[in-house]
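Biologist: I've got a model open here and I'd like to talk it through with you. Could you start with one residue and work outwards?

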Amino acid sequence: MHIPDGYLSPSTCLALGAVMIPIWYRASAKLKKDLDVKQVPLLSMGAVFCFLIMMFNVPIPNGTTAHAIGATLVAIIFGPWAAVIAMSVALAIQALVFADGGILAFGANAFNMAFIAPFVGYYVYKSISKNAVPGSTRQLAAGAIAGYIAINCAAFVASIEFGIQPLFFTAADGTPLYCPYGLDVAIPAMMVAHLTVAGFIEGIVTAAALKFMAVQPVTMLQSQINKKEGVV
Amino acid sequence: MMKRYWLAIAALIIVSPLGLLADGTAWGEWGGDDLSETLGYIPQGMKNVQDVWAGIFPDYSIGFLGESSLGQSIGYIIAAIIGSAMVYGLSLLLMKIIAAKKNSTLSCSNK
């Protein structure tokens, strides 16, 4: 889902970059207000988790590959605005160091994976989980469903960005200037990859990580209880 | 608690070469050469920006380790370590800047 440079017109890149500026501004203002300094290392680990999980390419039946993105997990744990920052950091390093996702297309990739994905994931999770106990079946199911829907929404938005290119941007001889595939090709291709495979991976990864993270507080609580009882 | 999470991160890094098993490229992420093979041409606008930025370790590969699957796997792990360190560092730095703004506004309101 990392759109490389050259697939989107400069105007598309500019427009999505312009949309991201107030989102980044709001995210940093939110973090400034709400973030507990003690959470910073854990949130940064969340960014690392997203970076790493995106390295696990999985094969898609149509011969392409896709991967999970981890955005929903970070949004569930730290809130969607923190996830905007964490995902943007991961995407920035991917683009700058590993040429995964374009430099010019950074705004577009951030819009899809650092804005659409965490926000959709967060609100789907909230609406399903209500106040489910961490580690409960309900919570894990909510995380899995949220992850599945969120990555598919991000993929859908990306496919629109790809697909509108040949509609609007063609050379004088009619050949496409940027992404050569229209909506009729881009939407099915992106959605097949994410509805059939990547969505499930994102769902499983989200639920597994929630389970992994839920174990620890419970055991901590248990040991505290034991200590107290020992004292008494 | 953090130690447990760091171990999970380390485990992800170690098994990261699993991500190399999938053949092919993600849809819409083909390079110019791949695209000209399927299309017969490279779109003009794409050609113009092709060389804007090539990255430092493109495709998470460390050049000198070669194309063997072992070399690629080791390269992928090194890329995962370098990338993780950079993401962690950049994230801490950004948060620090954001938190510093917090302190300055606090001290202003205290005056």
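Modeller: Sure, and bear in mind that this is a predicted model. Let's start with Tyr60(B), which lies in a loop of chain B.

Biologist: Which helices of chain B does the loop with Tyr60(B) lie between?

Modeller: Tyr60(B) isn't in a helix itself but in a loop. On one side of that loop is the helix spanning 44-49, and on the other the one spanning 69-110. Those are helix 3 and helix 4 of chain B.

Biologist: Is Tyr60(B) buried or exposed?

Modeller: The cut-off for buried is 20 or more other C-beta atoms within 10 Å. Tyr60(B) has 25 of them, so it counts as buried.

Biologist: Which residues does Tyr60(B) touch, leaving out those up to four places away in sequence?

Modeller: Its partners come from both chains. In chain B, Tyr60(B) touches Tyr76(B) and Ala79(B). Across in chain A, the residues it touches are Met55(A) and Phe98(A).

Biologist: Zooming out, which helix of chain B gives the most to the side that touches chain A?

Modeller: The contact involves 52 residues of chain B and 56 of chain A. Helix 1 (2-15), helix 3 and helix 4 of chain B each bring at least two residues to that side. The top contributor, with 16 residues, is helix 4.

Biologist: And how many residues on that side of chain B are nonpolar?

Modeller: Six residues there are charged and twelve are polar. The nonpolar ones number 34.

Biologist: Why is chain B described as more spread out than a compact globule?

Modeller: Chain B has four helices and zero strands, in the order α-α-α-α. For 111 residues the globule rule gives 13 Å, and chain B is well over that, so it is more spread out than a compact globule. Its C-alpha trace spans about 70 × 40 × 25 Å along the principal axes. The radius of gyration behind that verdict is 21 Å.

Biologist: How much of chain B counts as buried?

Modeller: Tyr60(B) is one buried residue. Over the 111 residues of chain B, the share that counts as buried is 21%.

Biologist: Turning to chain A, how much of residues 185-210 is helix?

Modeller: UniProt, in an unreviewed entry, lists several spans of chain A as "transmembrane region", including 7-27 and 185-210. Residues 7-27 are 86% helix, with end C-alpha atoms 28 Å apart. For residues 185-210 the ends lie 35 Å apart and strand is 0%. The helix content of 185-210 is 100%.

Conventions:
Residues numbered from 1 in each chain as written. Chains lettered and ligands numbered in written order. Predicted model: local features only at pLDDT ≥ 70, side-chain atom pairs only at ≥ 80, totals over all residues. Buried ≥ 20, exposed ≤ 12 C-beta atoms within 10 Å, placed from the backbone. Contact = placed C-beta atoms within 7 Å. Nonpolar A, V, L, I, M, F, W, Y, C, P; charged D, E, K, R; others polar. UniProt positions renumbered as here; feature names shortened; annotations may be inferred. Rg over C-alpha atoms; globule rule 2.2 N^0.38 Å.
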